[in-house]
Amino acid sequence: MSATADPATPREGVRAARKRGRTRVLIIGGGINGIATFRDLAMQGVDVLLVERGDFASGASAASSHMIHGGIRYLENGEFRLVKESVQERNGLLKIAPHYVKPLQTTIPIYSTFSGLFTAPLRFLTHGKGKPRERGAFLIKVGLVLYDTFSRDGGIVPRHSFDGRKKSLAALPKLDPHVKYTATYYDASIHDPERLALDVLRDGALAHPGAHALNYVEAIGLSPAGVLLRDHESDEEFTIDADVVVNASGPWTDLTNEALGDDTSFMGGTKGSHIVLDHPELLEATGGREIFFEHSDGRIVLIYPLKGRVLVGTTDIPADPAEPARCTEAEVDYFFDLIAHVFPSIAVEREQIVYRYAGLRPLPHADDTAPGFISRDYRIERRETPVRPPC
Ligand SMILES: Cc1cc2nc3c(=O)[nH]c(=O)nc-3n(C[C@H](O)[C@H](O)[C@H](O)COP(=O)(O)OP(=O)(O)OC[C@H]3O[C@@H](n4cnc5c(N)ncnc54)[C@H](O)[C@@H]3O)c2cc1C
């Protein structure tokens, strides 16, 4: 799909952009961040051109766990402002996009009472270094009480609840019988994140006649006349001059900067994979909830219903953005292992995988922080250098 305010075919949009030759703001990257920036500028009447080298929302924005979460995990990092913002955005999306964003009942199975009580604050202070210890009921309770204070949107979102083994197994009989408690709270899911992204893009394209978005167009370098772009459909190259260039190319930010002659090392993305299973027994075992839990390696993982199938994820592995991200067989083994961790009586076969996907998280470069503890906060870096090289 291509979006352009021009009443024309996508390639006519490219021809029109070439003819104009300049815009006030050039956005590189049509993931959710580039698209949201595009809409924001368009709604303020700013001339803007967005270029995306593939399909819109085909990078990290197509590889998510399909959650619009309130950032409960960030509590552990002490990132309270981020939790507050995430919750506000989640609650806002539940209201303005209820056709995509739905409340998601989320249950955490818990196997101990006091575990992690002393190591969790220590991990916060040491940025996730050290051996992970299981998060026990006491720690999770403290987290959820705090989360309720951020999350409830004036009482619309239900408070969390805590159940003992008997009630937990009555609600979710296939859970590991060793479970001691379950904690349940509400977050939100989005089954079609790409559709939401396209709606946001279209909203921007329709808001201002000077707003244009082109896919299959890649920023490949700099020329004296501006940023050099390649149209992948015609293989033609052209330049666009801009007052401001926004590099919103997510995990590929440094590679795009390099192509534009700026050597940066902002990013240190990690790969995350998922599988989608056609598995009616597992689907039923979830009781329609997200099962959100800590695997034996300390990673927070999830199993939840997605369009009559079951989504299982995810991994967090340092990765090179120059290489395509793929879900490996070792990751599939990891997913089967985590399913057995909570639903030990349910067998899963590779033939039941209908879909697997992987993506790179656009995380900041972080030398010795454990991947799960690298901040998920946003960051804007300004470069005052002129975009054009001297003639
Ligand atoms: C495994 C995983 C699970 C996640 N789960 C969740 C979740 O459940 N909920 C949640 O909210 N978030 C989740 N995230 C995070 C979320 O997906 C990202 O924060 C978000 O999608 C980032 O969007 P972006 O626009 O910055 O990057 P991207 O979506 O990657 O967009 C960047 C775009 O730039 C394009 N591009 C790159 N170089 C160029 C160039 N030179 N010229 C033109 N275009 C270029 C790429 O093709 C790409 O489309 C998850 C991420 C991953 C990887």
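**Exercise 1. Find which residues threonine 253 contacts, leaving aside its neighbours within four places in sequence.**

Step 1. Contact means heavy atoms within 4.5 Å. With neighbours within four places in sequence set aside, threonine 253 is in contact with Asn247, Phe266 and Met267.

Before going on, please note that this is a predicted model, in which local features need pLDDT of at least 70 and side-chain atom pairs count only at pLDDT 80 or more, while totals for chains, interfaces and linings use all residues. Residues are numbered from 1 along each chain as its sequence is written, and side-chain values use heavy atoms, with hydrogens and water left out.

Step 2. Place the residue: threonine 253 belongs to helix H8, residues 253-259. Helices (H or I, at least four residues) and strands (E, at least two) are DSSP runs, numbered from the N terminus.

Step 3. Check its cover. Threonine 253 has a relative accessible area of 11%, so it is buried (buried is under 20% relative accessible area, exposed over 50%, partly exposed in between, with a 1.4 Å probe and protein chains only).

Step 4. Look at its side chain: a polar atom there lies 2.6 Å from the backbone oxygen of glycine 250.

**Exercise 2. Work out which element gives the largest share of the largest nonpolar core.**

Step 1. A nonpolar core is a set of buried Ala, Val, Leu, Ile, Met, Phe, Trp, Tyr and Cys residues joined through side-chain atoms within 4.5 Å. The largest one has 26 residues, and those touching the most other members include Ile275, Val312 and Phe343.

Step 2. Among the elements that give this core two or more residues are strand E10 (270-277), strand E13 (309-313) and helix H10 (329-342). H10 provides the largest share, seven residues.

Step 3. Now zoom in on valine 312. Beyond its neighbours within four places in sequence, valine 312 is in contact with residues including Ile275, Leu277, Ile303, Phe335 and Leu338.

Step 4. A second, separate core has 25 residues, among them Val87, Ala183, Val276 and Tyr357.

**Exercise 3. Decide whether valine 142 is buried, partly exposed or exposed.**

Step 1. Valine 142 lies in helix H5, and this helix spans residues 137-151.

Step 2. The relative accessibility of valine 142 is 44%, so the residue counts as partly exposed.

**Exercise 4. Describe the protein as a whole.**

Step 1. Count the elements: the protein has ten helices and 15 strands.

Step 2. Of its 391 residues, 48% are buried.

Step 3. Among contacts between residues at least 6 apart in sequence, 71% join residues at least 24 apart.

How values were computed
Polar contact = N/O pair within 3.5 Å; in protein donor to acceptor, adjacent residues only side chain to side chain.
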